[in-house]
Amino acid sequence: MSSNGTVTVEKSNGKLPWNERLSYGASDFACSFTFSLIGTYLMYFYTDVFGITAGAVGTLMLVARVIDAFDGPFWGIMIDHTHTKWGRSRPYFLWFNAPFTIFTILCFTTPDLPMHWKIVWAYVTYIGIDVLYSAVNIPLTSILPSMTTDPNERVLLSTIRSLFSNFGGTLISVIALPLVTLFGGANNPRQGFFWVAVMAAAVFFFIYLIVFANLREHVQTRQSQQALPIKTSLKALRNNWPWVIVVGLNFIYWLGMQTKGQVTIYFFKYNLDKPGLASLALFFNAVGLVSVFLTPKIVMKIGKKKTIQSGLALSILGQLVLGLGGQLLNVPLVIIGTIIGNFGNGFVGALIAVLLADSVDYGEWKNGVRAEGIVTSASSFTAKFGMGIGGAITGMLLSLGHYAPNKSQSGAALFSIEANYVWVPLVALVISFILILFYRLTPEKELEMTRYIDAKHARENLEDSIE
């Protein structure tokens, strides 16, 4: 470290020790373990356990997305304005750990209230957890370009993160309902969901303490040593077309995944009349672990863009097979489609964060501004925005189909569930595939940017050391 506080760039040519790699992965295990509980089961919890109508839930999720239009960029700007001894992104793992933990529990707490106050409670707790999730999750993406500038190391880090994320999300999705029954008995799902939320929140709290202790921001520049004005941060987005495409992809992809994920239990319970298979279907999310594991090798052979294209193509095929199985009420076809789709999804999930990290470099290369916060905040913001719009679509379709909790469903209600589980995700995947066709940041251009940025940082550090 020089006398004026400028930190030398990285270590071991950008390669990080395994305690940092694994801690970075564990961070998204914690996030997925808690937020997948919310994404997969909260709508079912609201409608079939807490007793709120599907239309009211859909409206709530739409309102939350309006707030997301502000809270996502807000956290990105806050990160760019943060300057502490721990860095820019890292302190958020500590500051907002406990608040997020508390609101996770409150989301699945069911006070005995009149209907209108139940809705108020749902608004306060859901919007609260939504905003706080941005505070703990956006820094995971914004810290990546500050951990290393090595492209292969970034792919490795994102792969590890996706492996842990997939495992965490799959694990809670599979064990949640059996644990609800264990903790609450057959007739008290309110108590069961509460204690599952307590368990998930405790896992998150302790893992995030470890994450804060182990991660470091190795890539330090002049700009990272000071708070960036908002106007300066926004310059990183000027003509940053890789960022625009990734933002659009992230939004539409997660819109489709959310509409599917949150009606899984509805689809198996009502459409297939096999509620016990819902956990099995969610277990097959683990198939994505295989494709995530293969991602670095495939990227080395065909590049990031073609890897994501291949993943989306497999996801589309899987969704078509799933749709055919749903039409025929053929459970084996449904499972086969689920497996194919999840295998494709693994490639997509593993690389979105990498593409955003690359867009940070592109912003510095193109505009001379390195703004990790505002650029990468799009990851959590657009994913949440897409998930929220997906939630609003689900609520709207269920309401239009006159869904009635815990009863035999009409044909219209069954079609609304099928539309959410099959056809809305299929359309989202097709649009995502079209979007990625326009992504043109080639490996040659990435190498050019990396050389330019490394030389620029080295020159700045040398100038600062002389001063």
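**Note on the helices, enclosed space and ring contacts**

1. Three helices, α7 (151-184), α13 and α17 (443-466), each supply at least two residues of the lining of the largest pocket. Helices here are DSSP runs of H or I of at least four residues, numbered from the N terminus. The structure is a predicted model, in which local features need pLDDT of at least 70 and side-chain atom pairs count only at pLDDT 80 or more, while totals for chains, interfaces and linings use all residues. Residues are numbered from 1 along each chain as its sequence is written, and side-chain values use heavy atoms, with hydrogens and water left out.

2. The largest pocket holds about 420 Å³ of space. Its lining comprises 19 residues, and those nearest its centre are Gly303, Lys304, Thr442, Pro443 and Glu446. Helix α13 gives the most to this lining, with seven residues. A pocket is an open set of points on a 1 Å grid over the protein atoms alone, with protein on both sides within 12 Å along at least five of seven lines; a cavity is a set where a 1.4 Å probe fits but cannot get out, and lining residues have an atom within 4 Å of a point.

3. Three cavities of 30 Å³ or more are present, and the largest has a volume of about 1,100 Å³. Of its 45 lining residues, Ser32, Ser36, Ser165, Trp254 and Met257 are the closest to the centre. At least two lining residues come from each of α1, α5 (115-142), α7, α10 (241-261), α12, α13, α14 and α15 (372-400). Volumes are the space filled by probe spheres set on grid points, which are joined across faces, edges and corners.

4. Helix α13 (residues 287-328) deserves separate comment. A straight helix of its 42 residues would span 62 Å at 1.5 Å a residue, yet α13 spans only 24 Å between its end C-alpha atoms; the expected span is 1.5 Å times one less than the number of residues. At Ile302 the helix bends by about 110 degrees (the angle between axes fitted to the seven residues ending there and the seven starting there).

5. Just after α13, Leu329 takes a positive phi of about 55 degrees. Leu329 belongs to the loop between α13 and α14 (331-367) and is exposed at 57% relative accessible area (exposed is over 50%, buried under 20% and partly exposed in between, with a 1.4 Å probe and protein chains only). Asp273 also has a positive phi, near 55 degrees; this residue lies in the loop between α11 (264-271) and α12 (278-283) and is exposed at 61%. Most residues other than glycine have a negative phi.

6. Thr34 lies in helix α1 (residues 18-50) and is buried, with a relative accessible area of 0%. Its C-alpha is 7.7 Å from that of Ala197, although 163 residues separate the two in sequence.

7. There are 33 aromatic pairs (rings of Phe, Tyr and Trp, the last by its six-membered ring, with centres within 6.5 Å; planes under 30 degrees apart are stacked, over 60 edge-to-face, the rest tilted). Phe74 and Trp75 form an edge-to-face pair, 5.0 Å centre to centre with 70 degrees between the planes. Phe74 is partly exposed at 41%, whereas Trp75 is buried at 9%. Ring pairs also link Phe35, Phe93, Phe100, Tyr133, Phe204 and Tyr208 into a cluster.

8. Two charges over rings complete the note. Arg90 lies over the face of Phe212, 4.5 Å from the ring centre, and the charged end of Lys260 sits over the ring of Tyr421, 5.6 Å from its centre. The criterion is NZ of Lys or CZ of Arg within 6 Å of the ring centre and within 35 degrees of the ring normal.
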